[in-house]
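Please look through the sequence and the structure shown here, and keep both in view while you read the explanation that follows.

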Amino acid sequence: MAQPLLARLREMRPGARIEVLATPWVAPVARRMREVDEVIEADLNHGALQLAERWRLGRRLKQRGYDQAIVLPNSWKTALVPFFADIPVRSGYAGESRYGLLNLVYRNPRQREGMALHYARLSERPGIEPQLPLPFSSLNFNKEKIGETAARFGISGRYTVLCPGAEYGPAKRWPYFRELAAELGSQVVLLGSASERAQAAGIPGLNLAGQTTLDEAIDLIAGAAGVVTNDSGLMHVAAATGTPQVALFGSSSPEHTPPRSPAARVLWLKIECSPCYARVCPLGHFRCMREITVDQVLAEVEKLWLGQADSR
């Protein structure tokens with residue numbers, strides 16, 4: 001979702017060096033972005049202040065002599081590192097009252113908006129809208145590496161990837177992946193994190209949830225005939241590889257975090273209580289996901305890739 005910002009920066013400042021500070025579980029994605037010159041890993045825990053660690057990291061980064069830092073998360077603590085690094089221009093949204101830590105501050109939007117636009121706005125001065133349309137996200141990969149990764153896991157021929165998990169909570173998880181896999185009539189590979197392995201258990205197919213690195217998961221998604229996902233990180237990976245995909249939305253909104261790819265199709269019933277952005281259905285009926293049928297998903301799958309020759 002942040003890549004359009006990087007693309008705009010590269011267009012506007014072709015001679016600039018762009019480096020990304022990222023956690024280890026995000027770094028493999030950033031390394032595949034053509035706009036990024038270097039990725040610096042920082043093992044900072046979500047929800048932890050880690051003041052001493054952030055100060056030490058900031059002092060190390062000071063030696064690199066950055067001209068500007070763009071802070072994407074809204075939290076107060078994420079603005080500490082560029083402050084400790086004495087970077088002259090420190091920009092981002094006001095977030096948690098970060099005046100002082102940031103010195104080029106953007107006003108928070110009054111309502112939810114598409115995250116790609118939200119981030120891309122940081123490529124311009126405050127109050128100036130970025131040029132539209134925004135570029136699609138795109139990750140680097142090559143067919144030889146994809147073949148090596150597939151062979152490593154015993155995968156050959158055409159296959160469909162299913163991603164039945166969603167870290168945020170059960171309100172984002174479509175309940176019929178097992179029934180869908182049984183109807184696909186092709187090789188199925190299940191991907192996700194280690195915490196999602198139980199959600200993939202019992203679904204017909206090769207369960208690789210928790211068994212791959214993120215780099216390997218990207219390769220397997222890039223080599224798939226198609227992907228069916230919930231609204232999750234792997235949904236965005238699939239979009240950025242250009243793999244045909246069906247993305248299932250319920251408690252969240254594709255108007256806020258869509259899969260940004262011309263090869264993606266979204267199924268969202270948009271019932272009266274959706275999007276609620278809750279982790280668990282607050283009304284107990286889970287209609288937003290439960291009423292998306294296997295037949296509806298299969299119809300989209302058949303349009304996009306099932307039974308077609310792989311031309312990619």
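With which residue does Glu216 form a salt bridge? In this predicted model, the partner of Glu216 is Arg152, and the closest N and O atoms of the two are 2.9 Å apart. Glu216 belongs to helix α9 (residues 214–222) and Arg152 to helix α6 (residues 143–152), so the salt bridge ties together parts that are 64 residues apart in sequence. The two partners can also be described by their accessibility: Glu216 has a relative accessible area of 15% and is buried, whereas Arg152, with a relative accessible area of 48%, is partly exposed.

A second pair can be read in the same way. Lys172 forms a salt bridge with Asp231, and here the closest N and O atoms are 3.3 Å apart. This pair links distant parts of the chain, since Lys172 is found in the loop between β6 (159–163) and α7 (177–184), while Asp231 is found in the loop between β9 (226–230) and α10 (233–241), 59 residues apart. Lys172 is buried, with a relative accessible area of 16%, and Asp231 also counts as buried, at 5% relative accessibility. Both values can be checked against the cut-off, because buried means under 20% relative accessible area.

A third pair brings us to an earlier part of the chain. Asp37 forms a salt bridge with Arg10, with 3.1 Å between the closest N and O atoms. Because Asp37 lies in the loop between α2 (27–31) and β2 (38–41) and Arg10 lies in helix α1 (residues 3–12), the pair ties together parts that are 27 residues apart in sequence. Asp37 is partly exposed, its relative accessible area being 39%.

These three pairs are part of a longer list, for the model has 20 salt bridges. Some salt bridges share partners, and in this way Arg17, Glu19, Glu38 and Arg64 are joined into one network. Two members of that network, Glu19 and Glu38, also meet in the strands, where Glu19 stands opposite Glu38 in β2. The strands β1 and β2 pair in the parallel sense, over four bridges.

Which side chains of strand β1 are buried, and which are not? Along β1 (residues 19–22), Val20 and Ala22 point to one face and are buried, while Glu19 and Leu21 point to the other face and are not buried. Such a pattern is a general one, because in a regular strand the side chains alternate between the two faces of the sheet.

Definitions and conventions
Residues are numbered from 1 along each chain as its sequence is written. This is a predicted model: local features need pLDDT of at least 70, side-chain atom pairs count only at pLDDT 80 or more; totals for chains, interfaces and linings use all residues. Side-chain values use heavy atoms; hydrogens and water are left out. A salt bridge is a side-chain nitrogen of Lys or Arg within 4 Å of a carboxyl oxygen of Asp or Glu. Buried means under 20% relative accessible area, exposed over 50%, partly exposed in between (1.4 Å probe, protein chains only). Two strands pair if DSSP finds at least two bridges between them.
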